[in-house]
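Q: Could you take a close look at one part of this model for me? I would like to go through its loops and the backbone around them.

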Amino acid sequence: MREGRGKRLAKYVPDYVVFDLETTGVSPAKDAIIEISAVKVRNGAVTDTFSSLVNPGRTIPYAASAVNHITDEMVADAPDITMALPKFLDFAGNDVLVGHNIRSFDLLFLDRTAMQVTGKGIDNDYIDTLFMARNCLPMLSHHRLVDLAAYFGISSEGAHRALNDCLMNQKCFEEMAKLQKQIPTEVCPRCGGELVKRKGRFGQFFGCSNYPACRYTKNS
């Protein structure tokens with residue numbers, strides 16, 4: 001992602017937008033969005049939803065369809081990204097964005113595509129529930145969204161379709177927020193990111209997980 005992007009936050013917030021993308025592949029530089037969905041949450045409860053298939057203007061590879069079950073026929077009459085993305089951006093507004101593995105995947109696609117469509121990238125602060133899961137549920141051998149859902153007894157039916165994943169992740173996020181209250185987490189006073197222990201030339205110290213965008217440090 002480009003410099004100047006939004007900050008990754010460590011602590012739960014009650015008002016946010018969960019979003020998820022389905023794509024033609026795993027490369028943000030080469031592949032395209034074929035579905036974008038989101039749920040708006042206020043005070044921990046879903047208040048609105050957004051979902052749109054997207055016509056990528058290319059054939060969807062078999063490997064992608066095998067995962068998300070989205071076919072060329074399904075997107076044939078769908079809007080292209082120049083029509084779908086602005087509607088999502090209006091829906092999300094300036095809210096904190098929440099999603100699973102979004103730092104390494106969804107935000108890369110979203111930021112690049114927003115730059116192409118609107119000339120402006122994504123500046124929203126965000127919470128990646130993959131990082132949250134690793135912190136709250138270290139006993140799990142895997143931290144996929146379906147693993148979290150299974151742990152909390154949440155249905156994963158319809159997984160890998162964007163809106164279903166959003167609704168599933170919203171429930172997991174709220175459950176993890178309860179666990180997070182029991183785990184001491186140091187928060188960066190400058191940007192709201194998580195402080196993590198690091199080792200430097202002069203010993204251990206705490207540094208912001210949003211480095212290099214935030215260079216806050218404190219002695220351990």
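A: Happy to! Let's start with N43, which counts as exposed because its relative accessibility is 67%, and the cut-off for exposed is over 50%. Keep in mind that this is a predicted model, so every value here is computed from its coordinates. N43 sits in the loop that lies between β2 (33–42) and β3 (45–53). Its backbone deserves a glance too: N43 is not a glycine, yet its phi is positive, at about 55°.

A second loop offers a residue to set beside it. H69 is located between α1 (62–68) and α2 (72–75). H69 is not a glycine either, and its phi is positive, at about 60°. With a relative accessible area of 54%, H69 is exposed.

Further along the chain, have a look at β6 and β7. Strand β6 covers residues 195–200 and strand β7 covers residues 203–208; the two run antiparallel and are joined by six bridges. The connection from β6 to β7 is a hairpin through two residues. To place yourself within this pair, pick K197: its bridge partner in β7 is F206.

Following the chain out of β7 brings you to another loop, the one between β7 and β8 (217–219), and this is where P212 is placed. The peptide bond joining Y211 and P212 is cis, with omega about 10°. If you are checking backbone torsions, you can therefore put three entries on your list: the positive phi of N43, the positive phi of H69, and the cis bond between Y211 and P212.

Technical notes:
Residues are numbered from 1 along each chain as its sequence is written. This is a predicted model: local features need pLDDT of at least 70, side-chain atom pairs count only at pLDDT 80 or more; totals for chains, interfaces and linings use all residues. Side-chain values use heavy atoms; hydrogens and water are left out. Two strands pair if DSSP finds at least two bridges between them. Helices (H or I, at least four residues) and strands (E, at least two) are DSSP runs, numbered from the N terminus. Buried means under 20% relative accessible area, exposed over 50%, partly exposed in between (1.4 Å probe, protein chains only).
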